[in-house]
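Work through the exercises below with the model open beside you. Try each task before reading its solution.

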Amino acid sequence: MNKSKRISGFREDLCNLCGECLHLCPVLKLPIDEAKEEVKNLIAGKESRYALTRCNTCFSCNLYCPQHANPYNLILERWNDLYKTRGAPPLYRFVCPTEQSNIWQLLNVFLSNQERKWIYKWMNYVPKPNDTPLMIGNYTHLFPFILGGSKLLDYFKPIDRIDQWEGAAYLYQGGYLDLVQRIAQRTKNDFDSWGVKKVVACLDAVDYIFNEVHPKEMGVEHAQDFVNFNQWLLGNINSGEIQLKNQLNMDVTVHDNCYSKTLGGAYWEVPRELLKKSGCHIIEMKHNRKDSLCCGFGAGASWVKNISIIFDIISQGFKKFKEAEETGAKALISYCGGCIYLLWAAKELKRSKIDIFHLIEIIRMAMGEELNYPYDHKRRAWDIIAIMTYSLFLSIIRKNFFISKITYDKELSTFKPKKYRLLTLIRYTFNLSLIRYVFSKCFLILMKILKTR
Ligand code: SF4
Ligand code: SF4
């Protein structure tokens with residue numbers, strides 16, 4: 001039984017209703033008086049005119065608040081209240097590993113044999129007390145080729161537990177706070193039963209969730225040390241343990257993900273150092289670090305209509321692309337595996353020429369490892385666009401729902417897929433470049449009609 005107590009991250013006692021948070025917000029940009037009014041309404045639990053239906057859950061307002069009152073957490077609390085009354089939208093099953101037709105279950109249809117081998121090994125390995133598990137995580141699972149086969153994995157025991165929900169990092173961003181607490185307890189039970197002392201998280205988001213959110217907001221203390229993968233990489237490159245033989249000499253721009261804005265920005269500089277050590281020249285986007293725009297994923301948190309969610313997400317992602325393209329850089333670099341899958345889908349739909357790499361891929365190229373770029377990413381982007389399209393069709397006939405189970409059901413096992421004939425047909429048609437072109441055009445037209453912001 002879970003006896004821990006959840007504590008809100010919002011500090012009402014510190015808030016003086018100045019409105020700066022929503023006034024400076026790069027998405028809402030509310031006039032100061034409206035910003036003050038909106039904060040007052042959010043605190044009182046009254047109707048919100050803007051934040052709950054337009055916020056991209058990007059964390060920036062926590063950095064803007066001069067009082068350190070954590071206004072972002074106020075928005076999360078109100079979304080948590082909303083979830084209790086209206087549930088989650090049908091399309092949200094997409095990212096719920098315990099619901100039928102989630103993205104991991106559907107993607108299994110398209111995994112290559114090599115990807116299956118990697119994933120099977122990572123999903124079934126049970127760590128021993130002296131192991132250092134590397135949490136592959138739900139989003140890197142979608143792109144196993146980013147890490148699969150790399151020498152970097154020799155330093156760890158990679159494990160992939162989809163029902164650890166990335167420590168509930170993405171549920172937290174959607175304001176599903178009571179579920180976050182249950183998952184915090186679930187992950188604690190896993191780690192304790194393995195007896196491990198150290199855990200390495202691929203994502204800064206997961207590092208932050210385990211180190212900060214679980215103990216401080218969810219009342220769940222972990223006994224393990226959590227190691228940040230990017231910091232581990234930098235330390236080992238600096239010590240000469242990992243050698244970067246190839247200087248890439250590439251102009252790049254950097255996407256700072258939402259979670260990178262936590263801890264006062266402690267996550268921003270390590271990826272930039274790693275890029276410089278790989279021979280990349282960084283050209284910053286207009287909005288970077290504390291003002292960075294979301295990849296689009298966060299637009300789903302402030303959903304208004306189920307039918308509009310995908311269009312809202314991709315349209316917000318396009319804003320990021322516009323800024324990235326304006327820099328003239330050859331490539332956009334993400335150090336978050338969660339952003340990568342949406343950025344690649346948006347790139348293909350926008351037919352953007354800019355390359356997109358995960359930071360790990362940059363390091364691997366600098367180490368002299370071969371990647372099958374861009375083929376693997378392009379193939380996966382259209383797998384995911386097919387899954388999004390299929391899920392959108394399914395969601396039209398489904399109702400809002402409440403997430404009851406947090407533990408993965410064997411029936412949903414990634415290795416027992418159904419046939420999904422319609423999904424396979426959609427994906428098959430995307431092999432034709434003319435169909436991809438027509439689909440992208442139609443998507444853009446529908447986006448103009450259906451997006452809510
Ligand atoms: S989380 Fe980001 S988008 Fe949402 S209100 Fe704060 S600054 Fe604005
Ligand atoms: S949360 Fe901070 S920035 Fe927002 S109104 Fe309160 S004190 Fe001002």
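The exercises that follow concern a predicted model.

**Exercise 1. Domains**

Task: Which domains does the assignment give, and how many residues of each are in contact with the other?

Solution.
- Step 1. Start with the bounds. Domain 1 covers 20-86 and domain 2 covers 90-450 in the domain assignment.
- Step 2. Locate the centres. Taken over C-alpha atoms, those of domain 1 and domain 2 are 26 Å apart.
- Step 3. Count the contacts. On the domain 1 side 16 residues take part, and they touch 22 residues of domain 2.
- Step 4. Find the elements. On the side of domain 1 that touches domain 2, α3, α4 and α5 each give two or more residues. The most come from α5, with 5 residues.
- Step 5. Sort that side by class. It has 9 nonpolar, 5 polar and 2 charged residues.

**Exercise 2. The nonpolar core**

Task: Find the largest nonpolar core and explain why it lies between the domains.

Solution.
- Step 1. Take the count. The largest nonpolar core has 137 residues.
- Step 2. Pick out the hubs. A168, V180, A201 and A345 have the most contacts inside this core.
- Step 3. Ask which element gives the largest share. Helix α15 (residues 337-350) does, with 9 residues.
- Step 4. Place the core. Both domain 1 (20-86) and domain 2 (90-450) contribute residues, so the core lies between them.
- Step 5. Follow one hub. Beyond its neighbours within four places in sequence, A168 contacts L179, V180, I183, A184 and I209.

**Exercise 3. Helix α10 and its end**

Task: Check the length of helix α10, list its buried residues, and describe the residue that follows the helix.

Solution.
- Step 1. Compute the span. Helix α10 runs over residues 177-194, which is 18 residues. At 1.5 Å a residue the expected span is 26 Å, counting one less than the number of residues.
- Step 2. Compare. The end C-alpha atoms of α10 are 26 Å apart, so the two values agree.
- Step 3. List the buried residues. They are L177, L179, V180, Q181, I183, A184, T187, K188 and F191.
- Step 4. Recall the helix geometry. With 3.6 residues a turn, residues three or four places apart point the same way.
- Step 5. Name the partners. The buried residues of α10 pack against α5, α9 (169-173), β3 (198-201) and α11 (204-217).
- Step 6. Step past the end. G195 follows α10 and has a positive phi, near 75°. G195 sits in the loop between α10 and β3.
- Step 7. Judge the exposure of G195. It has 13 other C-beta atoms within 10 Å, so it is partly exposed; buried would need 20 or more, exposed 12 or fewer.
- Step 8. Look across the fold. G195 and N130 are 65 residues apart in sequence, yet their C-alpha atoms are 8.0 Å apart.

**Exercise 4. Backbone exceptions**

Task: Where do F59 and S101 lie, and are they buried or partly exposed?

Solution.
- Step 1. Take F59. Its phi is near 75°, positive in a residue other than glycine. F59 belongs to the loop between α3 (51-54) and α4 (60-64).
- Step 2. Count around F59. There are 22 C-beta neighbours inside 10 Å, so F59 is buried.
- Step 3. Take S101. Its phi is positive too, at about 65°, and it is not a glycine. S101 is in the loop between α5 (71-86) and α6 (103-107).
- Step 4. Count around S101. With 19 C-beta neighbours inside 10 Å, S101 is partly exposed, because buried starts at 20.
- Step 5. Add the cis bond. The peptide bond from Y373 to P374 is cis, with omega near 0°. P374 lies in the loop between α16 (359-367) and α17 (375-396).

**Exercise 5. Two ligand shells**

Task: Which residue classes make up the shells around ligand 1 and ligand 2?

Solution.
- Step 1. Begin with ligand 1. It is surrounded by 13 residues, and the closest are C25, C55, C58, S60 and C61.
- Step 2. Sort them. The ligand 1 shell has 10 nonpolar, 3 polar and no charged residues.
- Step 3. Turn to ligand 2. Its surrounding residues include C15, C18, C21 and C65, and also E20 and V39.
- Step 4. Sort again. The ligand 2 shell has 8 nonpolar, 3 polar and 1 charged residues.

Definitions and conventions. Residues are numbered from 1 along each chain as its sequence is written. Chains are lettered from A and ligands numbered from 1 in the order in which they are written. This is a predicted model: local features need pLDDT of at least 70, side-chain atom pairs count only at pLDDT 80 or more; totals for chains, interfaces and linings use all residues. A residue is near a molecule or strand if its C-beta atom, placed from the backbone, lies within 6 Å of it. Ala, Val, Leu, Ile, Met, Phe, Trp, Tyr, Cys and Pro count as nonpolar, Asp, Glu, Lys and Arg as charged, and the others, Gly among them, as polar. Helices (H or I, at least four residues) and strands (E, at least two) are DSSP runs, numbered from the N terminus. Domain bounds come from an automatic or database domain assignment. Two residues are in contact if their C-beta atoms, placed from the backbone, lie within 7 Å. A nonpolar core is a set of buried Ala, Val, Leu, Ile, Met, Phe, Trp, Tyr and Cys residues joined through C-beta atoms within 7 Å.
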